[in-house]
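Hi everyone, thanks for making the time. I'd like to walk you through one structure today, so let's get it up on the screen.

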Amino acid sequence: MTKSDASIEIRDLYKIFGNAPKHYVEAVRNGLSKADLANKHGHILGLNNINIVIPAGKIQVIMGLSGSGKSTLIRHINRLIEPTAGSIVIDGRDILGMSELELREFRRNRTAMVFQNFALLPHRTVIDNVTFGLEVRGFDKARSRETGMRWIDRVGLLGFENRYPDELSGGMKQRVGLARALSSDASILMMDEAYSALDPLIRTDMQTMLLDLQMELKKTIVFITHDLDEALRLGDRIVILRDGTIVQQGDGQDILLRPADDYIQRFVKDVNRGRFIKVEAVMDEAPRADSTSLPRLKVSTTLEVAAKELTNSPYDEAIVVDVVGKPMGLVSLRQITAALSATGETDRKKVELTLK
Amino acid sequence: MDWFFKFPQLSPELLLAVTRTVDGSLRTLTRAYGDSIEAFFKPLFYFLVFIENMMSNAPWPIVVFAMAGIAWIVARNWVAVAAVIGTLLLIGLLGLWLDTMKTISLVLSSTLFAIAIGIPLGIVMNRFKNVAGVMRAVLDVMQTMPPFVYLIPVVMLLGIGRVPGFIAVVIYAIPPIIRLTDLGIRLVEKEVLEAADAYGCSRWQKLWKVQMPLAMPTIMAGINQTIMMALAMVVIASMIGVQGLGLNVLQAIANQYFTQGIFSGFAIVGIAIIFDRISQAYGRRLQKHRGAGRD
Ligand SMILES: Nc1ncnc2c1ncn2[C@@H]1O[C@H](COP(=O)(O)OP(=O)(O)OP(=O)(O)O)[C@@H](O)[C@H]1O
Ligand SMILES: [Mg+2]
């Protein structure tokens with residue numbers, strides 16, 4: 001199992017669909033809107049000035065509503081779609097300069113993909129699906145099978161290896177999809193709405209499994225979703241797309257506490273804030289070293305947990321401490337409840353206040 | 001006003017000249033190259049004779065047993081096996097055994113040939129879009145052309161007998177297999193193809209590991225149609241010297257042998273049903289991985 005060394009740098013990426021896409025890049029750079037491009041020139045703006053740097057070994061979530069360009073973006077990483085303009089550098093290599101053969105090698109060895117509708121081969125059994133990537137590379141059959149079985153076991157499908165995809169439930173099919181991706185041992189894992197077709201409970205299971213796997217594998221994962229809960233749970237970093245443009249980029253706390261505009265506000269509104277916001281974000285940075293009797297909370301504690309601890313204690317304040325136990329600030333039950341119920345405008349003001 | 005009531009056709013002299021030139025040059029062509037054309041098709045002739053002899057000379061119980069065996073292997077279905085045995089025995093009792101063997105041997109060899117040429121052509125048609133346009137036009141013409149018309153050029157070039165009959169049958173029966181191969185490949189889901197690309201398949205790998213297996217049920221439907229059309233054409237081709245059940249029907253028409261004609265007709269229907277059911281059952285078996293259980 002290789003640790004990932006693959007960072008992905010996407011710069012000035014544009015994708016325009018139509019007959020003469022190159023012709024319109026300059027106009028789009030100068031501010032031609034998606035609607036105008038579509039109505040006046042009959043071209044569709046897929047991606048508009050995308051800049052993302054994905055560090056190796058992290059989970060990068062790409063989020064956005066239907067049609068915002070998520071699938072288009074992820075397919076640029078292994079060049080299933082050719083960009084109209086821009087550069088994509090993976091682990092120091094410019095993938096747009098690759099010949100067909102180099103690209104094939106790159107796809108075989110460096111990237112693996114999991115699809116929204118599974119994209120399994122219906123005429124092959126589970127094990128033959130899982131070893132597909134290895135077979136394409138011409139690996140020894142017995143050894144591929146061994147690798148395949150290991151991953152089938154790892155995703156919890158042992159005993160199903162000789163079934164056909166149509167005999168499996170959705171969740172099981174996606175486990176096959178994941179096992180297929182993992183057994184190719186690629187350092188980049190691309191997941192295009194891999195869990196969107198699953199029902200909520202199974203989806204949570206699969207998220208947990210992915211996080212567990214990631215702890216040991218440390219791959220560079222690009223994960224697409226339109227569900228903010230999922231994004232916050234999985235993403236080390238999150239990019240939010242709208243009409244092919246990046247509207248906000250940052251970690252979960254940034255998105256929740258400082259939504260850049262109303263579009264993101266709409267996502268944020270329905271999220272269980274207590275489960276994702278950390279006490280660090282709402283505390284007062286005034287450590288009162290004397291009040292040692294107060295309960296202590298780690299910086300990474302979520303508001304949900306903090307509220308529960310404080311309610312169960314005789315105090316209504318707690319000291320926030322960093323990983324080594326050094327006091328950093330003070331948080332009150334009132335601050336927590338305010339942050340839990342706050343949305344949008346008020347929240348942003350409040351955060352600005354706390355930052356002062 | 002004469003032109004209004006009588007169609008102003010080209011002058012009879014001109015038409016005659018055109019007909020004469022074309023026919024004449026075809027005839028010179030045949031005369032000049034007839035021998036080499038014949039030599040070229042000699043191996044085919046021997047092949048056809050070999051298959052026909054093999055089927056006609058084999059003891060009938062062995063043929064029945066072999067066909068039942070094929071039915072079982074291909075369809076895995078006892079009803080199909082029973083139908084094959086029953087039909088063959090009935091045909092034998094009616095005294096049509098030899099003719100039937102001749103017909104079946106020609107249908108089988110021409111279908112195999114049509115498959116061997118048709119599937120690659122279908123793949124080509126799928127891959128090269130500009131070729132596809134031309135091919136589609138040609139196939140349209142082939143499929144609307146009355147089958148009798150096929151016989152004319154074949155007879156002019158090759159005369160009468162097995163080989164021209166075989167060629168006419170192959171030409172007549174090949175369009176469905178070409179079209180359905182192309183269609184089958186086109187119907188493969190886009191996401192599955194994307195997966196193949198994402199895992200770094202070469203074009204060949206994609207074709208053999210993904211597209212062809214997934215197109216197989218559609219291709220089987222094409223093979224089924226090709227068999228049926230070959231059978232129909234084998235009967236018509238009796239007009240250019242193909243022996244077998246078709247010839248019986250032809251004689252029955254010429255001499256008003258009502259019963260002989262009806263019996264032969266039923267024999268043809270019998271083998272048509274056998275071929276149809278077996279190839280369909282095979283097609284279904286290819287689909288077994290879809291839906292419920294497997295065997
Ligand atoms: N091949 C294409 N030709 C023309 N337009 C396209 C093509 N592919 C995508 N688009 C357009 O690009 C935009 C982004 O599409 P994309 O599939 O990337 O969206 P998405 O964010 O993945 O949406 P979803 O959540 O529905 O999967 C859409 O407006 C779509 O219509
Ligand atoms: Mg999509």
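How many residues does the contact take from chain A, and how many from chain B? Chain A gives 31 residues and chain B gives 21 residues. Please keep in mind throughout that this is a predicted model.

Let's stay with that interface for a moment. Together, the two chains bury about 2200 Å², and 58% of that is on carbon and sulfur atoms. On the chain A side, the residues that lose the most area to chain B are A:Pro122, A:His123 and A:Phe132. Taken together, those three make up 21% of what that side buries.

Now for the charged and polar links. Between chain A and chain B the count is two salt bridges. One of the partnerships you can look for is A:Glu135 with B:Lys209, a salt bridge whose closest N and O atoms are 2.6 Å apart. There are also ten residue pairs in polar contact between the chains, counting pairs with both residues at pLDDT 80 or more.

Which elements of chain A give two or more residues to the side that touches chain B? They are helix H4 (100-110), strand S6 (111-114), helix H6 (132-136) and helix H8 (170-183). The largest share comes from H6(A), with four residues. As for the make-up of this side of chain A, its residues divide into 13 nonpolar, nine polar and nine charged.

Let's move away from the interface to a sheet in chain A. Here we have an open sheet of three strands, in the order S11-S12-S13, with mixed pairing. Why is one side of S11 and one side of S13 left without a neighbour in the sheet? Strand S11 (296-298) and strand S13 (327-332) of chain A stand at the edges and have a single partner strand each, so each has one side without a neighbour there. On average, neighbouring strands in this sheet are turned by 35° against each other, direction ignored.

If you zoom in on S11(A) and strand S12 (residues 317-321) of chain A, you'll see that they pair in the parallel sense over three bridges. For an example at residue level, take A:Lys298: its bridge partner in S12(A) is A:Val321.

Finally, a look at the partner chain. Chain B has 13 helices and zero strands, so to speak an all-α pattern when read along the sequence. Its C-alpha atoms fill a box of roughly 70 × 55 × 45 Å, taken along the principal axes.

That's my tour; happy to take questions.

Technical notes
Residues numbered from 1 in each chain as written. Chains lettered and ligands numbered in written order. Predicted model: local features only at pLDDT ≥ 70, side-chain atom pairs only at ≥ 80, totals over all residues. Heavy atoms only, no water. Contact = heavy atoms within 4.5 Å. Buried area = accessible area lost by both parts, 1.4 Å probe. Salt bridge = Lys/Arg side-chain N within 4 Å of Asp/Glu carboxyl O. Polar contact = N/O pair within 3.5 Å; in protein donor to acceptor, adjacent residues only side chain to side chain. Nonpolar A, V, L, I, M, F, W, Y, C, P; charged D, E, K, R; others polar. Pairing = 2+ DSSP bridges. Axes fitted to C-alpha atoms, helices over the stretch in contact; angles between N-to-C directions.
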